[in-house]
Amino acid sequence: MKRVIFSIVFLSVFCIFSCTDNKLKSITPGKIWPDNNGVHINAHGGGLLFQGGIYYWYGEHKIGGKAGNTAQVGVHCYSSKDLYNWKDEGIALTVFPENSGSDIEKGCVLERPKVIYNALTGKYVMWFHLELKGNAYNAARCGMAIADNPTGPYQFVKSFRPDVGTWPINFPLEKKDEPVGGMKSFFGGSSVPQHPDSMNIVRRDMDSGQQSRDMTVFVDDDGKAYHIYSSESNSTLHISLLTDDYQDYAGKYARFFSGRFMEAPAIFKKDGKYYLIMSGCSGWTPNAGRSAVASSIWGPWKELDNPFQGDDANTSFHSQSTYILPYPGNNDRLIYLGDRWNPEDAIDGRYIWLPIEFDGEQPVIHWKDEWKLN
Ligand code: GAL
């Protein structure tokens, strides 16, 4: 009898624990990803920050329908200890009310937010791509906001264009004095532009600052930080050194992949080398991924192949890169973070997280329906 009672008690306790443990234990790319409230995570075009043993995920908060393709709310933040289960930390950066005149007023385009921590100032610094309300994708600015805590609230500081009045360090000297002119095509905001004379665009934008659209930020081992962004009508990637407080440009930048129309840059460092995973330029429609490697962040950058392999590799498994995250406790193993956009119902965008393997120096990404970090 004692045995029977013991078994019943044991089974009941076991059931209570196993039935109430609804924690996620794997990553299922492309599926709904519920947060601690059971709501699909709303952090698109995002980036992660690992600070004090906690991961913070920042991304574009989207609303339903096409209206969600512009910023109606702000930047959403989530936190996690295991990368599977995410707690809603609320809106880290809130857009200003309509007609407030703010650069980040409701209805602007505020994309690809990334946060880095600055040890000198103790501030969390958020960078993002900003387009002014009602002006399509023409402003081509970045925005910057700071906070004392990782989850915010972030105070909007300014929006601006990089490197006003400064020549890229790898711009040919003899080309500097050529007249601006003869530019036949500019980025119209929706389709792949024809190849512009991109050096002309650098000259044209000398006074306004260089264009900055899809972007990321990266902190190197020596604490120096860089802003990496599509410039020159999206035709060419720029890498700009930031000031020591990470809140401005230090006046040194370089241009790479001229005329290759690289977007959605995501960077990582492995075995002392720098790697970029990027996309081509086709708006919300996915395309084949790109990758590149360099021994110095200032180049030369060598373009590699499409890192995606297998069925659907030519759409990057229907995704676009946004961030590369080292595995917990292992900087040599990396995770690809991409967005599966849904421009018709923006809030329903999905997240494509997949492990990155290597074939020599070529990063390689295979599809997995479900996988675990270990
Ligand atoms: C993509 C870009 C997205 C968004 C979109 C708008 O190319 O990566 O962040 O700007 O275009 O069409």
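## Close-up views of a predicted model

**View A. Ser 233 sits in the loop between strand 10 (225-231) and strand 11 (236-242).** The model is predicted. Ser 233 is not a glycine, yet its phi is positive, about 55°. Most residues other than glycine have a negative phi. The relative accessible area of Ser 233 is 2%. That value is under 20%, so Ser 233 counts as buried.

**View B. His 318 also has a positive phi without being a glycine.** The angle is near 55°. His 318 belongs to the loop between strand 17 (308-309) and strand 18 (320-327). Its relative accessibility is 35%. His 318 is therefore classed as partly exposed, the class between the 20% and 50% limits.

**View C. The ligand is surrounded by Glu 111, Arg 112, Tyr 137, Asp 214, Glu 263, Gly 283, Trp 284 and Gln 320.** By class, this shell holds four charged, two polar and two nonpolar residues. Which side-chain contact to a ligand oxygen is made by Glu 111? An N or O atom of the Glu 111 side chain lies 2.6 Å from an oxygen atom of the ligand. Arg 112 places a polar side-chain atom 2.9 Å from a ligand oxygen atom. Gly 283 contributes through its backbone: an N or O atom there is 3.3 Å from an oxygen atom of the ligand. The protein buries 92% of the 300 Å² that the ligand exposes when taken alone.

**View D. Strand 1 (residues 44-51) and strand 2 (residues 54-60) run antiparallel.** Six bridges join the two strands. One bridge pairs Gly 47 with Tyr 58 of strand 2. The two strands form a hairpin, with two residues between them. Gly 52, in the turn, has a positive phi of about 60°. Is strand 1 largely enclosed or left open by the rest of the structure? Six of its eight residues are buried, so strand 1 is largely enclosed.

**View E. Four strands make an open antiparallel sheet in the order 13-14-15-16.** Strand 13 (263-270) and strand 16 (302-303) stand at the edges. Each has a single partner strand, so one side of each lacks a neighbour in the sheet. Strand 14 (residues 273-279) pairs with strand 15 (residues 290-294) over five bridges, in the antiparallel sense. Ile 277 has Ser 291 of strand 15 as its bridge partner. In a regular strand, side chains alternate between the two faces of the sheet.

**View F. Trp 127 and Glu 131 are two residues of strand 6 (residues 123-131).** Trp 127 has 0% relative accessibility and so counts as buried. The Trp 127 side chain reaches the backbone oxygen of Tyr 246 at 3.0 Å. Trp 127 and Met 144 are 17 residues apart in sequence, while their C-alpha atoms are 4.6 Å apart in space. Glu 131 is buried too, with a relative accessible area of 0%. Which backbone nitrogen lies 2.9 Å from a polar atom of the Glu 131 side chain? That of Ala 139. The Glu 131 side chain also reaches the backbone nitrogen of Asn 138, at 3.3 Å.

**View G. Cis peptide bonds precede Pro 153 and Pro 300.** Most peptide bonds are trans. The cis bond between Gly 152 and Pro 153 has an omega of about 10°. Pro 153 lies in the loop between strand 7 (141-147) and strand 8 (155-160). For the cis bond from Gly 299 to Pro 300, omega is near 0°. Pro 300 is in the loop between strand 15 and strand 16.

**View H. Pro 97 occupies the loop between strand 4 (87-94) and strand 5 (109-118).** Is Pro 97 buried or exposed? Its relative accessibility is 56%. That is over 50%, so Pro 97 counts as exposed. Pro 97 and Gln 72 are 25 residues apart along the chain, and 9.1 Å separates their C-alpha atoms.

**View I. Cys 108 and Cys 281 are both buried.** Cys 108 has 0% relative accessibility. For Cys 281 the value is 8%. How many disulfides are found in the whole structure? The search finds zero.

Technical notes
Residues are numbered from 1 along each chain as its sequence is written. This is a predicted model: local features need pLDDT of at least 70, side-chain atom pairs count only at pLDDT 80 or more; totals for chains, interfaces and linings use all residues. Side-chain values use heavy atoms; hydrogens and water are left out. A residue is near a molecule or strand if one of its heavy atoms lies within 4 Å of it. A polar contact is a pair of N or O atoms within 3.5 Å; within protein, one must be able to donate a hydrogen and the other to accept it, and residues adjacent in sequence count only if both atoms are side-chain atoms. Accessible areas come from the Shrake-Rupley method with a 1.4 Å probe; for residues, only the protein chains shown count as cover. Ala, Val, Leu, Ile, Met, Phe, Trp, Tyr, Cys and Pro count as nonpolar, Asp, Glu, Lys and Arg as charged, and the others, Gly among them, as polar. Buried means under 20% relative accessible area, exposed over 50%, partly exposed in between (1.4 Å probe, protein chains only). Two strands pair if DSSP finds at least two bridges between them. A disulfide is a pair of cysteine sulfur atoms within 2.5 Å.
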